[in-house]
Amino acid sequence: MTVPLDKERLRRDIAEVLEEDPADLGDDENLIDRGLDSIRVLMLSARWREDGHDIGFLDLADEPTIAAWASLADKSAGESAGNTSR
């Protein structure tokens, strides 16, 4: 079962790896400019993949904002829901 990955969970997870307050992260803010490096992006990607989301490093690196990542999470959840015949 896929663990939900909404915008607020994304924000909390990102803030945790950046050691910042989630309220300080804007939806459209470039997370690389906030200090999110490739190792941390890989960590987040691995965490979310373990929770059932097919979101890879390249997907995240392409547009590093919470808004873009929330869109990826929504697409991933929709694809997971469509694969219930397995």
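**Entry 1. Burial and the E8 pair**

I call a residue buried when its relative accessible area is under 20%, exposed when over 50%, and partly exposed in between. The model I am reading is a predicted one.

I looked up R11 first and found a relative accessible area of 9%, so R11 is buried. Its salt-bridge partner is E8, with 3.3 Å from N to O. E8 has a relative accessible area of 42%, so I noted E8 as partly exposed. Both residues sit in helix α1, three places apart, which means about one helical turn separates them. An α-helix has 3.6 residues a turn, so residues three or four places apart point the same way.

**Entry 2. Helix α1**

I checked the length of α1. The helix has twelve residues, and I get 16 Å from its first C-alpha to its last, close to the 16 Å expected at 1.5 Å a residue.

Which residues of α1 are buried? I listed R9, L10, R11, D13, I14, A15, V17 and L18. The list includes the charged residues R9, R11 and D13, and I came back to R9 and D13 under salt bridges.

Just after α1 comes E19, with a positive phi of about 55 degrees. I noted that E19 is not a glycine. Most residues other than glycine have a negative phi, and most peptide bonds are trans. E19 belongs to the loop between α1 and α2. Its relative accessible area is 74%, so E19 is exposed.

**Entry 3. The core**

I then turned to the largest nonpolar core, which has 19 residues. Which of them touch the most other members? They are L10, I14, L36, L44, W48 and W69. Helices α1 (7-18), α2 (38-50) and α4 (66-82) each supply at least two residues of this core. In soluble globular proteins, nonpolar side chains tend to be buried together.

I took I14 as the residue to follow. Setting aside residues up to four places away in sequence, I14 touches L25, L31, L44, W48, I66 and W69. Of these contacts, L44, W48 and W69 are also in the group of core residues with the most contacts to other members.

**Entry 4. Salt bridges**

How many salt bridges does a search of the whole structure find? I recorded ten. Side chains of opposite charge can pair when their charged atoms come close.

I looked at R47 and E16, where the closest N and O atoms are 3.5 Å apart. This pair links distant parts of the chain, as R47 lies in helix α2 and E16 in helix α1, 31 residues apart. At 24% relative accessibility R47 is over the 20% limit for buried, so I entered R47 as partly exposed.

R49 and D54 form another salt bridge, at 3.0 Å from N to O. Shared partners join R9, D13, E16, R47 and D51 into one network of salt bridges. On exposure, R49 is partly exposed at 43% relative accessible area, whereas D54 counts as exposed at 52%.

**Entry 5. A nonpolar surface patch**

I looked for nonpolar residues at the surface. I39, L42 and M43 form a patch there, with about 290 Å² of accessible area together. I39 lies in helix α2. Is I39 buried or exposed? Its relative accessibility is 53%, so I39 counts as exposed. I also took the C-alpha distance from I39 to F57: the two are 9.8 Å apart in space and 18 residues apart in sequence.

**Entry 6. Two more residues**

V3 lies in the segment before α1. At 36% relative accessible area, V3 is partly exposed. What does V3 touch, beyond residues up to four places away in sequence? I found R9, D51 and H53. R9 and D51 are also members of the salt-bridge network. The C-alpha atoms of V3 and A77 are separated by 9.0 Å, with their positions 74 residues apart along the chain.

E63 is placed in the loop between α3 (57-62) and α4. I noted E63 as partly exposed because its relative accessibility is 46%. Leaving aside neighbours within four places in sequence, E63 is in contact with A68 and W69. W69 had come up already among the contacts of I14. From E63 to D21 I get 21 Å, C-alpha to C-alpha, for residues 42 apart in sequence.

Notes: Residues are numbered from 1 along each chain as its sequence is written. This is a predicted model: local features need pLDDT of at least 70, side-chain atom pairs count only at pLDDT 80 or more; totals for chains, interfaces and linings use all residues. Side-chain values use heavy atoms; hydrogens and water are left out. A nonpolar core is a set of buried Ala, Val, Leu, Ile, Met, Phe, Trp, Tyr and Cys residues joined through side-chain atoms within 4.5 Å. Buried means under 20% relative accessible area, exposed over 50%, partly exposed in between (1.4 Å probe, protein chains only). Helices (H or I, at least four residues) and strands (E, at least two) are DSSP runs, numbered from the N terminus. Contact means heavy atoms within 4.5 Å. Patches are made of residues with over 30% relative accessible area and no salt bridge: like charges are joined within 9 Å, nonpolar side chains (Val, Leu, Ile, Met, Phe, Trp, Tyr) within 5 Å. Accessible areas come from the Shrake-Rupley method with a 1.4 Å probe; for residues, only the protein chains shown count as cover. A salt bridge is a side-chain nitrogen of Lys or Arg within 4 Å of a carboxyl oxygen of Asp or Glu. The expected span of a helix is 1.5 Å times one less than its number of residues.
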